[in-house]
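Here's a quick briefing to read with the model open beside you. Take it one topic at a time and find each residue as it comes up.

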Amino acid sequence: MTFLVPLLVLVPLLGAAVALGLLRHQRIQRAITVAVLVIALAVAATLMVLVDHHGTIVVQVGGWDAPYGISLVVDRLSALLLTVSASVLLVVLLFSIGQGLAADDGEAPVTIFYPTYLVLAAGVLDSFIAGDLFNLYVAFEMLLVASYVLITLGGSEQRVRAGTTYIVTSLIASAIFLASIGLVYGATGTVNIAQISERMAGLPDHVQLLLHTMLLIGFGIKAAVFPLAFWLPDSYPTAPAPVTAVFAGLLTKVGIYAIIRLETIIFPRPQLNDVLLVVAILTMVVGVLGAVSQTDVKRLLSFTLISHIGFMVMGIGLGSVAGTAAAVFYTVHHIVVQTTLFLVSGLMERIGGTTSTRSLGGLLRASPLLAALYLVPAFNLGGIPPFSGFIGKLGLFRAAAIDGSPLAYATIAAGVVTSLLTLYALMRVWDAAFWRPKPAAEPAAPHAAVAEPHETLRAPEPSPVTRSEADGSVVAGGTVTVTDPATGSVRAADGPTRLPRMLVGVTTAAVLGSVALTVVAGPLYGYATRAAESLESPQQYVEAVLGGGR
């Protein structure tokens with residue numbers, strides 16, 4: 001079944017090429033994109049089962065044995081993240097179709113959305129199967145080039161400005177990573193991760209420290225850890241809701257995945273574990289303090305994204321099977337829940353015309369379903385029992401308690417404070433946007449579209465009417481602000497706001513998926529533990545990749 005592994009990259013790239021050639025046939029583009037991601041999900045799920053039962057799958061591209069050729073490697077960690085990523089990519093695509101991002105939004109260049117999205121998918125999936133550093137670099141650049149296009153869709157001033165920050169920061173991270181690859185090759189004579197693992201131990205300690213630090217900085221920028229996460233809160237909130245959702249769910253996790261490989265395969269010794277724990281504490285605390293000070297839902301979620309990256313770094317920094325297993329489980333949890341919250345924020349913006357909590361209000365009466373869709377993942381991210389967020393944090397705290405060092409206990413304290421403040425920030429949004437009546441007049445939100453000079457943004461208190469229309473849309477009662485797709489201007493709309501049934505259905509499915517993580521928490525945590533056991537025994541990875549090619 002080794003032929004399945006290259007399909008994860010080849011099928012999305014071929015699909016992107018075909019979709020690009022069908023610029024005037026959006027329905028066909030849409031069908032191709034959906035079909036490609038369904039195939040990718042099926043392949044990833046199949047590999048997940050095969051790897052768990054039969055061990056690591058390695059493909060030597062072109063028949064060149066490692067370390068001379070390109071190695072594609074799928075172990076338990078790779079297979080798990082491939083499956084979750086393909087699921088998220090498919091769900092967000094369906095959401096974007098329901099929202100009309102790729103079909104009806106006058107601000108978006110629809111002809112390039114689908115092929116660009118497939119290139120992004122190829123880059124993400126390739127990152128998880130790359131068996132050498134240079135192939136990992138190529139995968140990073142593939143997804144980053146696609147993300148440059150997606151983050152600036154529409155070409156508005158805000159999006160271009162935020163996209164510039166994102167692009168410059170990403171280029172700096174890529175330059176650091178590329179320089180690190182050159183130094184690693186000069187020191188070890190190879191870029192194959194398995195062979196680097198074998199040869200790294202023979203290098204002087206100061207050389208190892210230099211290489212380790214440079215790679216960690218490059219991956220840390222991509223993962224958005226403190227103090228390298230300054231770019232994220234200004235970049236993500238300006239993008240369309242589906243783009244922000246897939247960025248928040250997946251792009252930072254590619255950086256976390258690279259750090260896991262770095263700390264378990266390339267540098268298995270606890271060389272910088274204490275540094276990682278300090279970084280984890282600062283990332284958690286600084287991120288959540290930024291969240292509690294926000295009045296815009298998307299910016300608040302961006303800061304919570306940063307703070308919860310700290311939990312994953314905490315598990316990695318503990319350098320144990322228990323810590324790594326908890327980090328892997330929490331990574332899966334966070335991909336799903338954070339993506340879901342950003343999708344819900346897209347619905348909130350569609351009904352309320354803004355994501356500013358100063359202007360939102362009355363959404364509980366306008367749409368009780370939306371209130372429930374927000375509350376469930378909010379409780380999950382805050383770590384309320386019995387959700388998967390609580391299970392993941394409990395696993396991290398238990399691993400830190402087993403470690404027993406003062407720094408490990410400090411991470412527990414930081415984690416508890418972060419969880420409480422996360423819940424406070426998310427419930428404050430609930431109070432302002434859902435429970436509180438809508439203000440009589442809406443000031444312009446920081447990230448909302450600008451109204452035409454002759455228009456006034458006024459919204460009477462919504463009526464408690466929520467019904468389903470014959471055209472398949474869910475209707476939330478009340479007068480709200482909407483964006484004119486032809487002009488991009490914001491205007492007051494008398495009457496209900498229509499939420500396409502597909503859009504609501506996809507968001508509901510995402511929320512149910514986040515709940516399903518709790519239902520399958522036992523088997524999933526067991527899988528994460530088996531993955532961690534393999535990661536903490538790097539010789540298994542080395543033998544699988546190199547075999548007789550040493």
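**Starting from Tyr374**

Leaving out residues up to four places away in sequence, Tyr374 touches Leu341, Val344, Met348, Leu426, Val429, Trp430 and Phe434. Keep in mind that this is a predicted model. Tyr374 is a handy way into the nonpolar core, since Tyr374 and Met348 are the residues with the most contacts inside the largest one.

**The nonpolar core**

- The largest nonpolar core has 174 residues.
- Helix H10, which covers residues 241-266, supplies the largest share of this core, with 17 residues.
- As a bit of background, nonpolar side chains in soluble globular proteins tend to be buried together.

**Empty spaces inside**

- You'll find five cavities of 30 Å³ or more in the structure.
- The largest cavity has a volume of about 150 Å³.
- Its lining is made up of 15 residues, and the ones nearest the centre are Leu144, Tyr166, Ser170, Lys222 and Leu251.
- Four helices each give two or more residues to that lining: H5 (133-151), H6 (157-188), H8 (205-223) and H10.
- What kinds of residues line the largest cavity? Sorted by class, the lining has ten nonpolar, four polar and one charged residues.

**Aromatic rings**

- The structure holds 17 aromatic pairs.
- One of them is made by Phe140 and Phe177, which form a tilted pair with 5.6 Å from centre to centre and 50° between the planes.
- That pair links distant parts of the chain, as Phe140 is in helix H5 and Phe177 is in helix H6, 37 residues apart.
- Are Phe140 and Phe177 buried or exposed? Both Phe140 and Phe177 are buried.
- Zoom out a little and you'll see one aromatic cluster formed by Phe134, Tyr137, Phe140, Phe177 and Phe219.

**A look at Gln208**

- Gln208 sits in helix H8, one of the helices that help line the largest cavity.
- Why does Gln208 count as buried? Gln208 has a relative accessibility of 3%, and the buried label applies because the cut-off is under 20%.
- Apart from neighbours within four places in sequence, Gln208 is in contact with Met200, Ala201, Leu203, Phe267, Arg269 and Gln271.

Methods: Residues are numbered from 1 along each chain as its sequence is written. This is a predicted model: local features need pLDDT of at least 70, side-chain atom pairs count only at pLDDT 80 or more; totals for chains, interfaces and linings use all residues. Side-chain values use heavy atoms; hydrogens and water are left out. A nonpolar core is a set of buried Ala, Val, Leu, Ile, Met, Phe, Trp, Tyr and Cys residues joined through side-chain atoms within 4.5 Å. Buried means under 20% relative accessible area, exposed over 50%, partly exposed in between (1.4 Å probe, protein chains only). Contact means heavy atoms within 4.5 Å. On a 1 Å grid over the protein atoms alone, a cavity is a set of points where a 1.4 Å probe fits but cannot get out, and a pocket is an open set with protein on both sides within 12 Å along at least five of seven lines; lining residues have an atom within 4 Å of a point. Grid points are joined across faces, edges and corners, and a volume is the space filled by probe spheres set on the points. Ala, Val, Leu, Ile, Met, Phe, Trp, Tyr, Cys and Pro count as nonpolar, Asp, Glu, Lys and Arg as charged, and the others, Gly among them, as polar. Rings of Phe, Tyr and Trp (its six-membered ring) pair if their centres lie within 6.5 Å; planes under 30 degrees apart count as stacked, over 60 as edge-to-face and the rest as tilted.
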